[in-house]
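Trainee: Could you take me through how to read a protein model, beginning with its surface and ending with its charged pairs?
Mentor: Gladly; let us put the model in front of us and go feature by feature.

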Amino acid sequence: QVELVESGEGLVQAGGSLRLSCVSSGSIFSANFMGWYRQAPGKQRELVARISRGGITDYVDSVKGRFTISRDSAKNTVYLQMNSLKSEDTAVYYCNRRSLGGHDNWGQGTQVTVSS
């Protein structure tokens, strides 16, 4: 029932920045976690960043210091700010909402391409 709508896809040169947005039809504060996953060609889906209901953030090692996940409760939106982008960041990025019961909802996916 919950819908997640992503925006912010784009093509950017290495070293550039991009911000992804995810608007949820359900309260982000009703979720156990809000997060961003990505899947590159030939690779498994991986968790990039997540923020818990209490506001605690976690990041995969490869993006620490470069990516920031944040939320805006008034807009029911979660963001992924990506700085100092590298070619290996190229992937389809998916917004994820995980309920307190462990159920996942997914955004439609947004393509991020970093040229070198």
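**Surface, strands and core**

Mentor: This is a predicted model, and its exposed surface comes to about 6100 Å², of which carbon and sulfur atoms supply 45%. Of the 116 residues, 41% count as buried.

Trainee: How many helices and strands does the protein have?

Mentor: There are zero helices and eleven strands, so the order of elements from the N terminus reads β-β-β-β-β-β-β-β-β-β-β. The radius of gyration is 13 Å, close to the 13 Å that the globule rule gives for 116 residues, so the protein is as compact as a globular protein of that length. Along its principal axes, the C-alpha trace spans about 40 × 25 × 25 Å.

Trainee: Which residues touch the most other members of the largest nonpolar core?

Mentor: That core has 25 residues, and Leu20, Met34, Trp36, Phe67, Leu80, Met82 and Tyr93 touch the most other members. Among the elements that give two or more residues to this core are strand E3 (18–24), strand E9 (91–99) and strand E11 (110–115). Tyr93 is a good residue to inspect, for beyond four places away in sequence its contacts include Leu20, Trp36, Phe67, Leu80 and Met82, as well as Thr110 and Val112.

Trainee: Which side chains of E11 are buried, and which are not?

Mentor: The side chains alternate along E11: Thr110, Val112 and Val114 point to one face and are buried, whereas Gln111, Thr113 and Ser115 point to the other and are not. For the pairing of E11, look at its two partners in turn: strand E2 (residues 10–13) runs parallel to E11 and is joined to it by four bridges, with Leu11 partnered by Thr113. E9 pairs with E11 in the antiparallel sense over three bridges, and there Ala91 has Val112 as its bridge partner.

Trainee: What can side chains of opposite charge do when their charged atoms come close?

Mentor: They can pair. Here the count comes to six salt bridges. One of them joins Arg50 and Asp58 at 3.3 Å, N to O; Arg50 is partly exposed, with a relative accessible area of 27%, and Asp58 is also partly exposed, at 35%. Asp61 meets Lys64 at 3.0 Å, N to O, and Asp61 is exposed because its relative accessible area of 61% is over 50%. In the salt bridge of Arg98 with Asp104, the closest N and O atoms are 2.7 Å apart. Salt bridges that share partners also join Arg38, Glu46, Arg66 and Asp89 into one network.

Notes
Residues are numbered from 1 along each chain as its sequence is written. This is a predicted model: local features need pLDDT of at least 70, side-chain atom pairs count only at pLDDT 80 or more; totals for chains, interfaces and linings use all residues. Side-chain values use heavy atoms; hydrogens and water are left out. A nonpolar core is a set of buried Ala, Val, Leu, Ile, Met, Phe, Trp, Tyr and Cys residues joined through side-chain atoms within 4.5 Å. Buried means under 20% relative accessible area, exposed over 50%, partly exposed in between (1.4 Å probe, protein chains only). Contact means heavy atoms within 4.5 Å. Two strands pair if DSSP finds at least two bridges between them. The radius of gyration is taken over C-alpha atoms; the globule rule is 2.2 Å times the number of residues to the power 0.38. Accessible areas come from the Shrake-Rupley method with a 1.4 Å probe; for residues, only the protein chains shown count as cover. A salt bridge is a side-chain nitrogen of Lys or Arg within 4 Å of a carboxyl oxygen of Asp or Glu.
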